Amino acid sequence: MVARIYKPTRNAMQSGTAKTKLWVLDYEPETPRQVEPLMGYTSSADMNSQLRLRFETKEEAVAYAEKHGIAYQVQEPKEPVRRRIAYSDNFSFRRMGQWTH
């Protein structure tokens, strides 16, 4: 049973940074998911796949895993490169494309 400790990234429908500040401890699946033949539902016998713990800091998550004897992997977050753009840049003479109405 291996756990993964990471900071979640924002999804495609999100423009802000909500729900990306906490560290998450997830368990890697031990058994593959199975498709139920009659209804087509996807199921798993692995109950740890339903568990998701959130922590304020990475150190708290690592301390929890070590205290409970859980093997873990830490994935460091990759900070996005933010480019500051002003509205006046749309009308700049150094603009690469043509500006039209």
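Lining the second largest pocket are Tyr 6, Pro 8, Thr 9, Gln 14, Ala 18, Lys 19, Thr 20, Lys 21, Leu 22, Val 24, Arg 52 and Arg 54. Keep in mind that this is a predicted model. As for the largest pocket, 16 residues line it, and those nearest its centre are Pro 8, Thr 9, Thr 20, Lys 78 and Pro 80. Here is how the two pockets look side by side.

| Pocket | Volume | Lining residues by type |
|---|---|---|
| Largest pocket | about 400 Å³ | 4 nonpolar, 5 polar, 7 charged |
| Second largest pocket | about 190 Å³ | 5 nonpolar, 3 polar, 4 charged |

Now for helix 1, which spans residues 58–67 and has Ala 61, Val 62 and Ala 65 as its buried residues. Looking down the helix axis, you'd find these buried residues within an arc of 95°, so they line one face of helix 1. What do they pack against? The answer is strand 1 (2–6), strand 2 (23–27), strand 5 (52–55) and strand 6 (71–74). Flip to the face turned away from the buried side and you meet Glu 59 and Lys 67, both exposed. After the helix comes Gly 69, with a positive phi near 70°.

Those three buried helix residues, Ala 61, Val 62 and Ala 65, also belong to the largest nonpolar core, a set of 10 residues that includes Ala 3, Ile 5, Trp 23, Leu 25, Tyr 27, Phe 55 and Ile 70 as well. Strand 1, strand 2 and helix 1 are the elements that each give two or more residues to this core. Take Ala 3: leaving aside residues up to four places away in sequence, Ala 3 touches Leu 25, Asp 26, Tyr 27, Ile 70, Ala 71, Tyr 72 and Gln 73.

Key
Residues numbered from 1 in each chain as written. Predicted model: local features only at pLDDT ≥ 70, side-chain atom pairs only at ≥ 80, totals over all residues. Heavy atoms only, no water. Buried < 20%, exposed > 50% of the residue type's maximum accessible area, 1.4 Å probe, protein only. Helix = DSSP H or I, 4+ residues; strand = E, 2+ residues; numbered from the N terminus. Arc of directions from axis to C-beta. Contact = heavy atoms within 4.5 Å. Core = buried A, V, L, I, M, F, W, Y, C linked by side-chain atoms within 4.5 Å. 1 Å grid on protein atoms, 1.4 Å probe; cavity = no way out; pocket = protein on both sides within 12 Å on 5 of 7 lines; lining within 4 Å. Points joined across faces, edges and corners; volume = space filled by probe spheres on them. Nonpolar A, V, L, I, M, F, W, Y, C, P; charged D, E, K, R; others polar.
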